[in-house]
Amino acid sequence: AIEMAHAIESNFNVEWPMASLLEGPSLREVATQLRAKMDHATPPIAATTEPDGTRILSHRLSHGQQALWFLHRLNPSNTAYNVSAAARIQGALDVNALENAFVALAQRHASLRSTFDVVAGQPIQRIHEHLPLHFEKIDASSASQLDDWFGEEALRPFDFSAGPLWRGSLLERGNDEHVLL
């Protein structure tokens with residue numbers, strides 16, 4: 001189901017929740033839903049190629065994106081819409097595999113490779129082929145004020161024009177204890 005949802009999103013340029021495929025629709029139902037989504041999908045308004053060969057698609061913003069973009073323009077330091085979470089990981093952890101999972105997640109979901117810009121006075125969403133991932137590893141073995149650090153990190157604003165619009169931090173508390181934010 002994951003691969004099918006990704007293929008639908010990639011090939012037809014529509015958002016497709018994996019959960020809808022897990023509900024067991026028939027092929028006919030999938031085709032009907034896909035047609036309806038394609039009728040309402042916003043096609044790219046421009047495609048550009050960077051000097052390094054990277055392709056970037058530009059799209060009009062959805063109504064929800066326009067609202068968030070407008071609020072960000074009014075107050076770029078506002079973090080009211082930041083969503084943060086922390087997960088404690090105990091036991092052996094393959095940090096490279098975790099980082100590769102985040103890279104694969106960004107490759108699968110265009111919204112995680114998006115930035116926002118203004119062209120001819122209109123806001124647009126730029127979907128980058130590749131966008132550097134912000135995933136930092138921090139030695140927190142001697143950190144005593146983790147709660148303060150979590151609060152500060154959760155309130156750090158994002159740069160909508162430069163991106164990325166998500167980030168991860170792995171605090172290494174010891175060989176077998178980590179905190180993923």
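**View 1. Strand 1 and strand 2 pair in the antiparallel sense in this predicted model.** Here we look at the hairpin built from strand 1 (residues 46-49) and strand 2 (residues 55-60), which are joined over four bridges. To find your bearings, start at Ala46, which stands opposite Ser58 of strand 2. Then follow the chain into the turn: five residues lie between the two strands, and Gly53 takes a positive phi near 95 degrees in this hairpin.

**View 2. Helix 6 has its buried residues on the same side.** Helix 6 spans residues 146-154, and its buried residues are Leu146, Phe150, Glu153 and Ala154. These four cover an arc of only 95 degrees around the axis, which is why they share one side of the helix. Among the elements that cover the buried residues of helix 6 are strand 6 (135-139), strand 7 (168-174) and strand 8 (177-180).

**View 3. Arg167 is a buried residue in the loop between helix 6 and strand 7.** With a relative accessible area of 17%, Arg167 falls under the 20% cut-off, so this arginine counts as buried. Do have a look at its side chain: a polar contact of 3.2 Å joins it to the side chain of Glu153, which is one of the buried residues of helix 6 seen in the previous view. The Arg167 side chain also reaches the backbone oxygen of Arg156, at 2.4 Å. Leaving aside residues up to four places away in sequence, Arg167 touches Asn82, His134, Glu153, Arg156, Pro157, Phe158 and Leu181.

Technical notes
Residues are numbered from 1 along each chain as its sequence is written. This is a predicted model: local features need pLDDT of at least 70, side-chain atom pairs count only at pLDDT 80 or more; totals for chains, interfaces and linings use all residues. Side-chain values use heavy atoms; hydrogens and water are left out. Buried means under 20% relative accessible area, exposed over 50%, partly exposed in between (1.4 Å probe, protein chains only). The arc is that of the directions from the helix axis to the C-beta atoms. Contact means heavy atoms within 4.5 Å. A polar contact is a pair of N or O atoms within 3.5 Å; within protein, one must be able to donate a hydrogen and the other to accept it, and residues adjacent in sequence count only if both atoms are side-chain atoms. Two strands pair if DSSP finds at least two bridges between them.
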